[in-house]
Amino acid sequence: MYETLYADKDVAKAYHTFRPTYPESLAKEILQFIDEKLEKPFSRKLAIDVGCGSGQSTKLMANHFDRIIGLDISEAQIFEAKRNNEHDNVEFTVGSFEKLPAEDNSVSLIFAGTAFHFFEPFENFYKEVKRVLVPGGCLAVFSYALPFVAEFDDHVNSKLNDFRLTFFNELDDFKTPATHHVANHYKDFELPFNNFTRINSMKTNKSMNLDDYAGYLGSWSFYRNYVANRKTDPLKLFRSRFEETLQEENIPTNVTFTVEWPVFLLCGRN
Ligand SMILES: C[S@@+](CC[C@H](N)C(=O)[O-])C[C@H]1O[C@@H](n2cnc3c(N)ncnc32)[C@H](O)[C@@H]1O
């Protein structure tokens, strides 16, 4: 259902440029969860990042495992991931969540950053996860949610964030179940393990100017589908309202500001 969303080369580039990175606190939570049942160094031999995109999520765990395989259905994303790879222990390969590139009982951690919501039917993913995980091995799925400007006083932030909300709402007809899962912080999901936990208290941020922020919003797949079908661009209105507000508040329109994303994590143990 979602296989072609990230096939475009420009999307993969925009993705690499504008998307936020994940906070170290996220890696810490995942490693702590693994350590409750598995011993090092056994627990740090092999991890797979499913739906790795251009490698943002893979990077987060790169220093913690002997070997990590980043897997993605999109050739364009894997091309971008390989081009930017700085880690000898990380390899990237094209493939689907329905066939994980590992032997039975061989992987300590399967993780997915801002990708799990695409893995329908979810039962097929869980089946593969259970096949390759070692006993006590972990599945960690996480994502960032919708962003907020967190830079100016409350009055300005709230105006700028309302424009983002209006933009998001305008795209309603092109949203998918995946969009709703992310906006809803994965609250509808329970991982199919007896030992299962949910952590909602983390966040990440990135310093951006308006071009960057619009570039980020423009990397949403449902936005691109809106533009392709409606032949009109709602980002233009977002940008002009954003700029007008900055001008009204005597803030230079090329200002750099902090954008913040809530980050949520679900972990299950085999
Ligand atoms: C929003 S991106 C997330 C990329 C990266 N993990 C990150 O944290 O930024 C979602 C990724 O899931 C991938 N994806 C979608 N369907 C997939 C499937 N069937 N198997 C593997 N990857 C898939 C897409 O190609 C895309 O690169």
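This is a guided tour of a predicted model, arranged as a series of selections to make in the viewer.

**The annotated span**

Begin by selecting residues 48-140, the stretch that an unreviewed UniProt entry annotates as "domain: Methyltransferase type". Within this span 29% is helix and 31% is strand, and the C-alpha atoms at its two ends lie 10 Å apart.

**The largest nonpolar core**

Next, show the side chains of Ala47, Ile48, Val50, Leu109, Ile110, Phe111 and Ala140, which touch the most other members of the largest nonpolar core, a set of 49 residues. Strand S5, residues 133-144, gives this core its largest share, with 7 residues. As background to this selection, nonpolar side chains tend to be buried together in soluble globular proteins.

If you then centre the view on Ala47 and leave out residues up to four places away in sequence, the residues that Ala47 touches are Met61, Phe65, Ile68, Val107, Ser108, Leu109 and Phe111.

Apart from the largest core lies another one, of 16 residues, and Val149, Met208, Phe238 and Leu246 are among its members.

**Ser54 and Lys130**

Move now to Ser54, in the loop between strand S1 and helix H3, the latter being residues 56-62. Is Ser54 buried or exposed? Ser54 counts as buried, because there are 30 C-beta neighbours inside 10 Å. Add Ala81 to the selection, and you will find that the C-alpha atoms of Ser54 and Ala81 are separated by 4.0 Å, although the two are 27 residues apart along the chain.

For another setting, select Lys130 in helix H5. Lys130 has 16 C-beta neighbours inside 10 Å and therefore counts as partly exposed. A distance drawn from the C-alpha of Lys130 to that of Ile110 should read 9.8 Å, for a pair 20 residues apart in sequence.

**Cis peptide bonds and positive phi values**

The next selections concern the backbone. Most residues other than glycine have a negative phi, and most peptide bonds are trans.

Go first to the loop between helix H2 (24-35) and strand S1 (46-50), where Pro41 lies. The peptide bond leading from Lys40 to Pro41 is cis, and its omega is near 0°. Then select Pro121, in the loop between strand S4 (107-113) and helix H5 (122-132), where a cis peptide bond with omega of about -5° joins Glu120 and Pro121.

Asn105 is the next stop, in the loop between strand S3 (90-94) and S4. Asn105 is not a glycine, yet its phi is positive, near 50°. With 13 other C-beta atoms within 10 Å, Asn105 is partly exposed.

Asn250, in the loop between H10 and S8, also has a positive phi, of about 60°, without being a glycine. Asn250 is exposed, because 6 other C-beta atoms lie within 10 Å.

**Thr253 and the loop after H10**

Stay in the loop between H10 and strand S8 (257-269), and select Thr253. Thr253 is partly exposed, with 13 other C-beta atoms within 10 Å. Setting aside neighbours within four places in sequence, the contacts of Thr253 are Leu210, Glu243, Leu246 and Gln247. The C-alpha atoms of Thr253 and Phe242 are 8.7 Å apart, with their positions 11 residues apart along the chain.

**The packing of H6 and H10**

Now colour helix H6, residues 154-170, and helix H10, residues 234-248, whose axes are 10 Å apart and form an angle of about 170°. Which way do H6 and H10 run relative to each other, roughly parallel or roughly antiparallel? Angles over 145 degrees count as roughly antiparallel, and H6 and H10 are therefore roughly antiparallel to each other.

To see the contact itself, show Val156, Lys159, Leu160, Phe163, Phe167 and Glu170 on the H6 side, together with Pro234, Leu235, Phe238, Arg241, Phe242 and Thr245 on the H10 side. The residues of this contact comprise 8 nonpolar, 1 polar and 3 charged.

**Lys203 on strand S7**

Finish at Lys203, which belongs to strand S7, residues 195-208. Lys203 is partly exposed, having 18 other C-beta atoms within 10 Å. Beyond its neighbours within four places in sequence, Lys203 is in contact with Pro23, Glu260, Trp261, Pro262 and Val263. As a last distance, draw a line from the C-alpha atom of Lys203 to that of Glu244, which lies 41 residues away along the chain and 28 Å away in space.

Note on methods. Residues numbered from 1 in each chain as written. Predicted model: local features only at pLDDT ≥ 70, side-chain atom pairs only at ≥ 80, totals over all residues. Axes fitted to C-alpha atoms, helices over the stretch in contact; angles between N-to-C directions. Helix = DSSP H or I, 4+ residues; strand = E, 2+ residues; numbered from the N terminus. Parallel < 35°, antiparallel > 145°, perpendicular 65-115°, else oblique. Contact = placed C-beta atoms within 7 Å. Nonpolar A, V, L, I, M, F, W, Y, C, P; charged D, E, K, R; others polar. UniProt positions renumbered as here; feature names shortened; annotations may be inferred. Core = buried A, V, L, I, M, F, W, Y, C linked by C-beta atoms within 7 Å. Buried ≥ 20, exposed ≤ 12 C-beta atoms within 10 Å, placed from the backbone.
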